[in-house]
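Biologist: I'd like to learn how to read a model like this one, feature by feature. Could you walk me through it?

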Amino acid sequence: MDTDSNMAEESFFHEVVGLLPQQKSENGVVFPVVLSPNPKIAKTVHLTEAIKANKTWLDSLLNRSGAILFRGFPVSSASDFNDVVESSGYEDFSYGVGGAGTRTKVIGRVYTANEAPPDQNIPFHHEMSHAPVYPSKLFFFCEIEPGKGGETCIALSHVIYERMKQKHPKFVEEMEEKGLIYTRVLGEESDPSSPIGRSWKETFMTDDKTIAEERAANIGMKLEWMEGAVRVIIGPKPGSRYDEVKKHKVWFNNVVGRFEDKLNNDPSKAVVLSDGKPLPPDVRDDCSKILDEECIALQWRKGDVLLLDNLAVLHSRRPLTMLPRRVLASFFK
């Protein structure tokens with residue numbers, strides 16, 4: 001089913017309902033919203049032009065839904081995507097010190113998405129939820145459509161919070177009372193085989209340990225030096241956050257993050273309560289199941305642009321079973 005906008009300022013866009021099989025609707029709010037060029041407009045509709053003309057409406061739409069998928073617009077390259085990013089008017093969030101995932105700057109404000117090996121799963125997370133400062137919005141762009149697999153999955157964080165509170169009320173209460181501590185070990189050299197394989201030199205943008213310690217302290221991280229590596233300790237951090245705009249709590253943590261690599265081989269130690277108590281295994285398992293039940297798996301099409309509210313929506317990446325795939329990203333304050 002298709003619905004045309006009846007407001008003049010929305011005339012560049014055509015809202016498509018039912019395009020995504022798992023698309024959700026609650027109290028008249030669709031997740032995610034899917035916008036395509038309005039077929040009633042004879043000329044080519046450029047996404048940059050449409051965003052500039054409808055900025056206030058799009059901000060309101062993103063606030064209500066949490067996610068907007070732009071499909072069918074002539075966005076074909078990293079340069080085109082950077083033009084879209086610039087047209088948004090959002091302030092740049094530099095993906096610099098502290099991020100765990102390996103990324104490469106492509107052009108302007110555009111980076112590669114997490115460069116973890118394509119056959120690996122990247123669990124659900126809010127971007128940089130472990131950090132004191134995190135991006136408020138994310139843009140993703142599909143430059144090369146996946147051969148098979150490699151879906152980006154999205155889920156509404158407040159729904160996950162409510163379901164976890166119903167399923168594990170005592171744990172959620174304890175988590176909110178104590179907070180969470182995150183620990184990971186970084187090597188001197190980056191490990192391209194790991195989703196969290198960024199070296200400490202890249203993570204803190206220096207090869208000087210003293211400077212690394214200063215930069216870590218500035219973003220709430222403590223470093224413990226080891227032979228050929230460093231243990232990074234973050235927290236305690238809140239396991240949930242209150243969305244002041246929407247007036248509800250969101251599941252703002254990395255409880256389901258089970259990254260393993262050469263230096264991090266015990267996932268149970270990656271996230272613990274602030275008193276050192278490990279998370280109950282059934283909490284992780286149930287949370288993963290709830291996320292899988294509530295998520296929408298986005299089958300990327302070339303040219304797709306996805307805008308996410310990073311406080312409202314968790315995202316993940318499923319393993320790619322057939323090459324190629326190239327998804328780019330940009331981050332906003």
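Modeller: Sure, we'll go through domains, sheets, salt bridges and one single residue. Keep in mind that this is a predicted model.

Biologist: Let's start big. Which domains does the assignment give?

Modeller: Domain 1 is made of 13-149 + 297-332, and domain 2 covers 158-291. Their C-alpha centres lie 24 Å apart. On the contact between them, domain 1 contributes 30 residues and domain 2 contributes 33 residues.

Biologist: And how should I read the interface of domain 1 and domain 2, in terms of the area they bury between them?

Modeller: The general idea: interface size is often quoted as the accessible area that is lost when the parts come together. In this model, domain 1 and domain 2 bury about 2600 Å² between them, with 60% of that on carbon and sulfur atoms.

Biologist: How many salt bridges does the rule find across the interface of domain 1 and domain 2?

Modeller: One salt bridge.

Biologist: Okay, on to salt bridges in the whole structure. How many are there?

Modeller: The search finds 17. The rule asks for a side-chain nitrogen of Lys or Arg within 4 Å of a carboxyl oxygen of Asp or Glu. Take Asp 309 and Lys 246: their closest N and O atoms are 3.3 Å apart, and they form a salt bridge.

Biologist: Give me one where sequence separation is worth a look. Where do Glu 86 and Arg 109 sit?

Modeller: Glu 86 and Arg 109 form a salt bridge with 3.4 Å between the closest N and O atoms. Glu 86 is in helix α3 (residues 78-88), while Arg 109 is in the loop between β7 (105-107) and β8 (110-112), so the pair, 23 residues apart, links distant parts of the chain.

Biologist: Is Arg 109 buried or exposed?

Modeller: Buried, because its relative accessible area is 12% and the cut-off for buried is under 20%. Its partner Glu 86 is at 43%, which counts as partly exposed.

Biologist: What about Glu 293 and Arg 163?

Modeller: Their side chains meet in a salt bridge at 2.7 Å, N to O. Glu 293 belongs to helix α8 (residues 281-294) and Arg 163 to helix α4 (residues 157-167), so the bridge ties together parts that are 130 residues apart in sequence. Both ends are partly exposed: Glu 293 has 48% relative accessibility, and Arg 163 has 26%.

Biologist: Any others I should click on?

Modeller: Try Glu 224 with Arg 231, a salt bridge whose closest N and O atoms are 3.5 Å apart. Glu 224 is partly exposed at 29%, and Arg 231 is partly exposed at 29% too. Then look at Glu 174, Lys 178, Asp 275 and Lys 277, which are joined into one network by salt bridges that share partners.

Biologist: Now the sheets. In what order do the strands of the sheet with β13 run?

Modeller: When reading a sheet, follow the strand order and then look at the edges. Here four strands make an open sheet, ordered β14-β15-β13-β18, with antiparallel pairing. β14 (221-226) and β18 (271-273) are the edges; each has a single partner strand, so one side of each has no neighbour in the sheet. From one strand to the next, the twist averages 25 degrees.

Biologist: How many bridges join β13 to β18?

Modeller: Three, between antiparallel strands, with β13 spanning residues 180-187. Within this sheet, Tyr 182 stands opposite Val 271 in β18.

Biologist: What is the strand order in the sheet with β9?

Modeller: That open sheet also has four strands, in the order β9-β21-β12-β19, and its pairing is antiparallel. β9 (122-125) and β19 (296-298) stand at the edges with a single partner strand each, so one side of each is left free of a neighbour in the sheet. The twist here averages 20 degrees from one strand to the next. β9 pairs with β21 (residues 313-317) over two bridges, antiparallel, and Ile 122 has Arg 317 in β21 as its bridge partner.

Biologist: Last one, a single residue. Which residues does Val 29 touch?

Modeller: Leaving out residues up to four places away in sequence, Val 29 touches Lys 24, Arg 64 and Ser 65. Val 29 sits in strand β4 (residues 29-31) and is partly exposed at 29% relative accessibility. Val 29 and Ser 65 are 36 residues apart in sequence, yet their C-alpha atoms are 6.1 Å apart in space.

Note on methods: Residues are numbered from 1 along each chain as its sequence is written. This is a predicted model: local features need pLDDT of at least 70, side-chain atom pairs count only at pLDDT 80 or more; totals for chains, interfaces and linings use all residues. Side-chain values use heavy atoms; hydrogens and water are left out. Buried means under 20% relative accessible area, exposed over 50%, partly exposed in between (1.4 Å probe, protein chains only). Two strands pair if DSSP finds at least two bridges between them. Axes are lines fitted to C-alpha atoms, for helices over the stretch in contact, and angles run from 0 to 180 degrees between N-to-C directions. Domain bounds come from an automatic or database domain assignment. Contact means heavy atoms within 4.5 Å. Buried area is the accessible area (1.4 Å probe) that two parts lose on being put together, summed over both.
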